[in-house]
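Here is a friendly walk through a structure you may not have met before. Have a look at it first, and then we'll go through it piece by piece.

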Amino acid sequence: MSLPRLILVTALATSTLVAAERPALKMRPQTIDPAIQIGYGLAIADVDGDKLDDILLADAKQIVWYRAPKWEKFVMAENLTAKDNVCIAARDVDGDGKAEVAVGAEWNPADTLNSGAVFFLMAPADRTQRWTPKKLPHMPTTHRMHWVRGADRSFYLAVLPLHGRGNKNGAGDGVQLHGYEWPWRETSRPFLLAADLPPLHLTHNFDLISGQGPQAAEGMLVATKEGLRSIEAPANRSVPASVTTIAAGEVRRGALPGGGRYVATIEPMHGHELAVYRGPTTQFSSGADWTAQRTSVDDKLVQGHGLATGDLLGIGSDQIVVGWRGGTPGAKVGIKVYAAADARGEAWELVALVDDNKMACEDLKVADLNGDGRPEIIAAGRATKNVIIYWNETEKSAR
């Protein structure tokens with residue numbers, strides 16, 4: 001047998017083995033809210049300290065949470081600004097077992113001078129009651145936010161605008177990524193997370209890069225018009241490293257069956273293509289270009305707008321969950337799950353069409369809501385105006 005033939009047979013055998021080890025994905029949908037307005041952003045966190053993760057939603061005019069396990073809906077705040085809310089971040093940052101919450105509002109991507117707003121929501125004693133908004137300084141077109149663990153183990157809020165100040169048609173001055181300290185004091189001011197940020201535009205979303213160990217500082221991986229950029233945790237004011245060069249709108253990290261890592265993207269912003277980049281052994285911040293290690297997984301999305309990774313199948317590696325919201329006449333909407341077909345992630349296979357035209361996905365998350373070790377999918381629909389939990393009832397792997 002010639003060497004190329006041997007390599008081909010070996011690759012096919014590895015792919016078959018990986019696929020054979022996968023259980024069938026079984027998801028059961030439960031609509032917990034059939035009447036939202038848009039559902040801009042979701043967060044998963046324990047709001048009330050009962051050790052159960054709750055679901056939070058930044059809807060157009062309301063910030064709400066759904067209390068586990070019955071998913072009762074409580075309004076935290078509403079009509080914060082004249083225009084819509086757009087994003088939310090929730091995480092226990094002070095160690096009391098209850099989430100701190102921040103939101104972004106006054107959403108108007110066409111106004112790159114005066115739009116945007118950032119609020120901390122201050123919790124009442126009874127967290128089912130209304131929360132008190134504390135408005136903070138902001139950049140125009142506030143769009144995405146995360147609570148991030150810093151180098152000193154304290155947390156700050158990272159806020160990413162869509163555009164740089166004064167941008168027109170996605171061009172002009174670059175975006176400025178700011179951090180907000182917690183707790184916020186009268187003397188507090190936002191600080192630049194990358195003082196020498198090169199011009200980046202249409203910075204649609206970002207993911208956190210975990211540090212070494214549960215208490216280590218976290219970095220950020222940002223999806224931009226110029227490609228993916230990383231900001232290393234210990235040097236938050238350093239120049240971000242280039243990771244890829246293809247425009248992306250969504251980004252999430254994941255682990256491969258062979259122990260390697262990958263990055264999943266939706267390209268371009270609001271795009272049609274799900275892509276995977278297989279990572280080298282170096283850190284994100286090394287300057288290594290991942291672009292050549294790209295695999296197109298799905299190029300038939302219609303306004304791809306939801307992305308997450310997680311081990312839904314219980315096989316020790318991360319699958320990709322991708323949602324799209326449609327928008328063109330006759331286009332279906334929904335959610336798919338893909339898994340690596342080989343240990344190196346050079347090929348990917350469709351595991352399941354989880355939702356077929358009932359979820360116009362604006363945002364989605366993956367989290368284990370009932371503690372059984374099998375993560376659920378939680379999604380919010382724009383045109384479908386719904387919030388759905390897809391309960392993971394997959395048989396547990398015997399591996």
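Is Lys 385 buried, partly exposed or exposed? Lys 385 has a relative accessible area of 39%. Buried would call for under 20% and exposed for over 50%, so the value falls in between, and Lys 385 counts as partly exposed. This residue sits in the loop between β27 (376-381) and β28 (387-392), and we'll come back to its backbone further down.

**The chain as a whole**

Keep in mind that this is a predicted model. The protein chain holds 1 helix and 28 strands. Of its 399 residues, 54% are buried. As for the outside, the accessible surface comes to about 16700 Å², and carbon and sulfur atoms account for 51% of that. Now take the contacts between residues at least 6 apart in sequence: 51% of them join residues at least 24 apart.

How far can you trust the picture? The mean pLDDT of the chain is 91, with 89% of the residues at 70 or more. Among the elements, β3 has the highest mean pLDDT, at 99, while helix α1 (residues 3-20) has the lowest, at 42. Over residues 1-17 the pLDDT stays under 50, and the model gives that stretch 7 contacts beyond four places in sequence. Where pLDDT is low, the predicted coordinates should not be read in detail.

**An open sheet and the largest core**

Let's start with β2, β3, β4 and β5. These 4 strands form an open sheet in the order β2-β3-β4-β5, with antiparallel pairing. The edges belong to β2 and β5, and each has a single partner strand, so one side of each has no neighbour in the sheet. On average, neighbouring strands here are turned by 20° against each other, direction ignored. Zoom in on β3 and β4 and you'll find 4 bridges joining the antiparallel pair. Within this sheet, Ala 58 stands opposite Ile 63 in β4.

Ile 63 turns up again in the largest nonpolar core, which has 21 residues. It is one of the residues with the most contacts inside that core, together with Leu 56, Met 76, Ile 88, Val 101, Val 103 and Leu 121. Which strands feed this core with at least two residues each? They are β2 (41-45), β3 (54-58), β4 (62-67), β5 (72-78), β6 (87-91), β7 (100-105) and β8 (117-122).

Leu 121 is a handy place to see how things meet. Leaving aside neighbours within four places in sequence, Leu 121 is in contact with Ile 63, Met 76, Ala 77, Val 101, Val 103, Trp 131, Thr 132 and Pro 133. There is also a second, separate core of 20 residues, and Val 86, Cys 87, Tyr 180 and Trp 184 are among them.

**A second open sheet, and a strand that is tucked in**

Another 4 strands form an open sheet, in the order β10-β11-β12-β13, and the pairing is antiparallel here too. β10 (142-149) and β13 are the edge strands, each with a single partner, so each has one side without a neighbour in the sheet. The antiparallel strands β12 and β13 are joined by 2 bridges, and Gly 179 stands opposite Phe 191 in β13.

Further along the chain comes strand β26 (residues 361-367). Because 5 of its 7 residues are buried, β26 is largely enclosed by the rest of the structure. It runs antiparallel to β27, and 6 bridges join the two. One residue pair to look up is Val 366 and its bridge partner in β27, Ile 377.

**Backbone oddities**

Most residues other than glycine have a negative phi, and most peptide bonds are trans. Here are some exceptions.

| Site | Backbone feature | Value |
|---|---|---|
| Trp 182 to Pro 183 | cis peptide bond | omega near -5° |
| Glu 267 to Pro 268 | cis peptide bond | omega near -20° |
| Leu 202 | positive phi, not a glycine | about 50° |
| Lys 385 | positive phi, not a glycine | near 55° |

Where do these sites lie? Pro 183 is in the loop between β12 (178-181) and β13 (191-192). Leu 202 belongs to the loop between β13 and β14 (205-209). Pro 268 lies in the loop between β19 (261-267) and β20 (273-278). And Lys 385, our starting point, is in the loop between β27 and β28.

How values were computed:
Residues numbered from 1 in each chain as written. Predicted model: local features only at pLDDT ≥ 70, side-chain atom pairs only at ≥ 80, totals over all residues. Heavy atoms only, no water. Core = buried A, V, L, I, M, F, W, Y, C linked by side-chain atoms within 4.5 Å. Buried < 20%, exposed > 50% of the residue type's maximum accessible area, 1.4 Å probe, protein only. Contact = heavy atoms within 4.5 Å. Pairing = 2+ DSSP bridges. Axes fitted to C-alpha atoms, helices over the stretch in contact; angles between N-to-C directions. Areas by Shrake-Rupley, 256 points an atom, 1.4 Å probe, with all protein chains shown as cover. pLDDT = per-residue confidence, 0-100.
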